[in-house]
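Visitor: I would like to learn how to read the features of a protein model. Could you take me through one, step by step?

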Amino acid sequence: MVIIKTDREIKKMKDAGRIASKALKLAGEAVTPGVSTFEIDLIVRKYIESEGAKPSFLNYGGFPASACISVNNVVIHGIPSKECIIKNGDIVSIDVGAFFEGFHGDNAATFACGEISAQAQALIDTTKESLYEGIKMAKQGNRIGDIANAVQRYAEARSYSVVRDFVGHGVGASLHEDPSVPNYGTPGRGVRLLPGMTIAIEPMVNAGTHKVEILDDEWTTVTADGKLSAHFEHTIAITSDGPLILTLCD
Ligand code: MG
């Protein structure tokens with residue numbers, strides 16, 4: 001069931017979104033050669049808690065950290081660790097959620113560490129732009145398939161693939177609500193978008209195959225061919241004035 005939020009609830013989600021966004025920004029600034037993903041996770045957790053909020057992901061389904069930090073061929077759900085040291089040329093996808101006064105904000109971005117290859121930069125740029133292509137379609141009267149198709153078309157036109165095994169989602173008082181928001185699909189299909197719906201659009205775009213594998217830790221999700229992957233996400237509200245991005249901090 002899709003839960004429609006009141007204007008007041010959307011305002012609260014904006015507060016949660018601001019905290020999630022600032023946490024993501026701080027995490028991105030910490031992406032430097034020699035830092036461990038454990039240290040970045042600590043920055044995220046400390047900031048979120050300093051705002052009186054809670055990291056949405058900590059203990060969610062047993063996830064042991066505050067942020068998912070996924071390096072290079074890791075698509076999503078990378079578990080921060082002291083052993084995972086980031087080096088020059090890596091690309092680092094960070095996914096952060098914050099729970100504040102009853103609502104979640106959820107966002108992600110892929111950051112470059114130092115000098116990265118032109119191919120890696122192009123993948124990052126395409127993934128980020130595909131998110132905004134999806135957001136543009138998040139208008140009342142459109143359907144989920146319009147968002148999904150916009151993301152897919154943008155990425156595939158540039159010879160990338162979109163991950164199918166994981167998708168975006170409704171978000172609100174629960175981190176994951178209906179509807180599912182895939183990054184592939186057919187225009188005009190799926191749930192109709194109404195004002196008050198709040199969804200996380202989150203393209204995961206791969207340089208090679210769209211296929212992914214989950215490692216033995218049951219979280220870390222990697223590309224099946226070992227090639228790079230990037231991930232961007234915003235929480236947005238459908239309003240009568242168009243899409244409203246809730247995960248912004250400046
Ligand atoms: Mg999400």
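Guide: Happily! Let us begin with burial: a residue counts as buried when its relative accessible area is under 20%, and as exposed when that area is over 50%, with partly exposed in between. Please keep in mind that this is a predicted model.

Visitor: Is Glu202 buried or exposed, then?

Guide: Glu202 has 7% relative accessibility, so it counts as buried. Glu233 has 1% and therefore counts as buried too.

Visitor: Which protein atoms are the donors of the magnesium ion?

Guide: Those two glutamates take part. The donors are Asp106 (OD), His169 (NE2), Glu202 (OE) and Glu233 (OE), at 2.1 to 2.4 Å from the magnesium ion. Along the sequence, the spacing of these donor residues reads D-x62-H-x32-E-x30-E. Glu202 sits in the loop between β9 (198–201) and β10, while Glu233 sits in the loop between β13 and β14 (234–239), so this pair ties together parts that are 31 residues apart in sequence.

Visitor: Those loops connect strands. How should I read strand pairing?

Guide: Here is the general idea: strands of a sheet pair through backbone hydrogen bonds, either parallel or antiparallel. In this model, 3 strands form an open sheet in the order β6-β10-β13, with antiparallel pairing. Its edge strands are β6 (161–162) and β13 (229–231), each of which pairs on one side only.

Visitor: How many bridges join β10 to β13?

Guide: There are 3 bridges between strand β10 (residues 204–206) and β13, and the two run antiparallel. To find the register in your viewer, look for Asn206, which stands opposite Ser229 in β13.

Visitor: What does β14 pair with?

Guide: β14 is joined to β9 by 4 bridges in an antiparallel arrangement, and Ile199 stands opposite Ile236 of β14. β14 also pairs with strand β15 (residues 242–245), again antiparallel and over 4 bridges. There, Ile238 stands opposite Pro243 in β15. A hairpin of 2 residues connects β14 to β15.

Visitor: Are the faces of β14 covered or open?

Guide: Both faces are covered: His234, Ile236 and Ile238 on one side are buried, as are Thr235, Ala237 and Thr239 on the other. That makes 6 of 6 residues buried in β14.

Visitor: Where else can I practise reading a covered strand?

Guide: Try β2, where 5 of 5 residues are buried. Ala67, Ile69 and Val71 lie on one side, and Cys68 and Ser70 on the other. β2 is joined to β4 by 5 bridges, running antiparallel, and Val71 stands opposite Val92 in β4.

Visitor: Which residues line the largest cavity?

Guide: The search of the whole structure finds 1 cavity of 30 Å³ or more, and its volume is about 30 Å³. Cys68, Ser70, Val75, Ile76, His77, Ser93, Ile94, Asp95 and His231 form the lining. Of these, 4 are nonpolar, 4 polar and 1 charged. At least two residues come from each of β2 (67–71), β3 (74–76) and β4 (91–100), with β4 giving the most, 3 residues.

Visitor: I noticed Cys68 there. How many disulfides does the model have?

Guide: First, the general idea: a disulfide is a covalent bond between the sulfur atoms of two cysteines. The cut-off for such a pair is 2.5 Å, and the count here is 0 disulfides.

Visitor: Why does Cys68 have no bond?

Guide: Because its closest cysteine sulfur, in Cys84, is 13 Å away, too far for a bond. The sulfur of Cys84, in turn, is 11 Å from its closest cysteine sulfur, in Cys113, which is also too far. As for burial, Cys68 counts as buried at 6% relative accessibility, whereas Cys84 counts as partly exposed at 26%.

Visitor: One last topic: what should I look for in the backbone angles?

Guide: Most residues other than glycine have a negative phi, and most peptide bonds are trans. Asn72 has a positive phi of about 60° without being a glycine. Asn72 lies in the loop between β2 and β3 and, at 18% relative accessibility, counts as buried. His77, in the loop between β3 and β4, has a positive phi near 65°. Finally, the peptide bond from Asp178 to Pro179 is cis, with omega near 0°, and Pro179 is found in strand β8 (residues 177–181).

Note on methods: Residues are numbered from 1 along each chain as its sequence is written. This is a predicted model: local features need pLDDT of at least 70, side-chain atom pairs count only at pLDDT 80 or more; totals for chains, interfaces and linings use all residues. Side-chain values use heavy atoms; hydrogens and water are left out. On a 1 Å grid over the protein atoms alone, a cavity is a set of points where a 1.4 Å probe fits but cannot get out, and a pocket is an open set with protein on both sides within 12 Å along at least five of seven lines; lining residues have an atom within 4 Å of a point. Grid points are joined across faces, edges and corners, and a volume is the space filled by probe spheres set on the points. Ala, Val, Leu, Ile, Met, Phe, Trp, Tyr, Cys and Pro count as nonpolar, Asp, Glu, Lys and Arg as charged, and the others, Gly among them, as polar. Buried means under 20% relative accessible area, exposed over 50%, partly exposed in between (1.4 Å probe, protein chains only). Two strands pair if DSSP finds at least two bridges between them. Donors are N, O and S atoms within 2.8 Å of the metal (3.2 Å for Na, K and Ca); water is not among the atoms, so sites may look incomplete.
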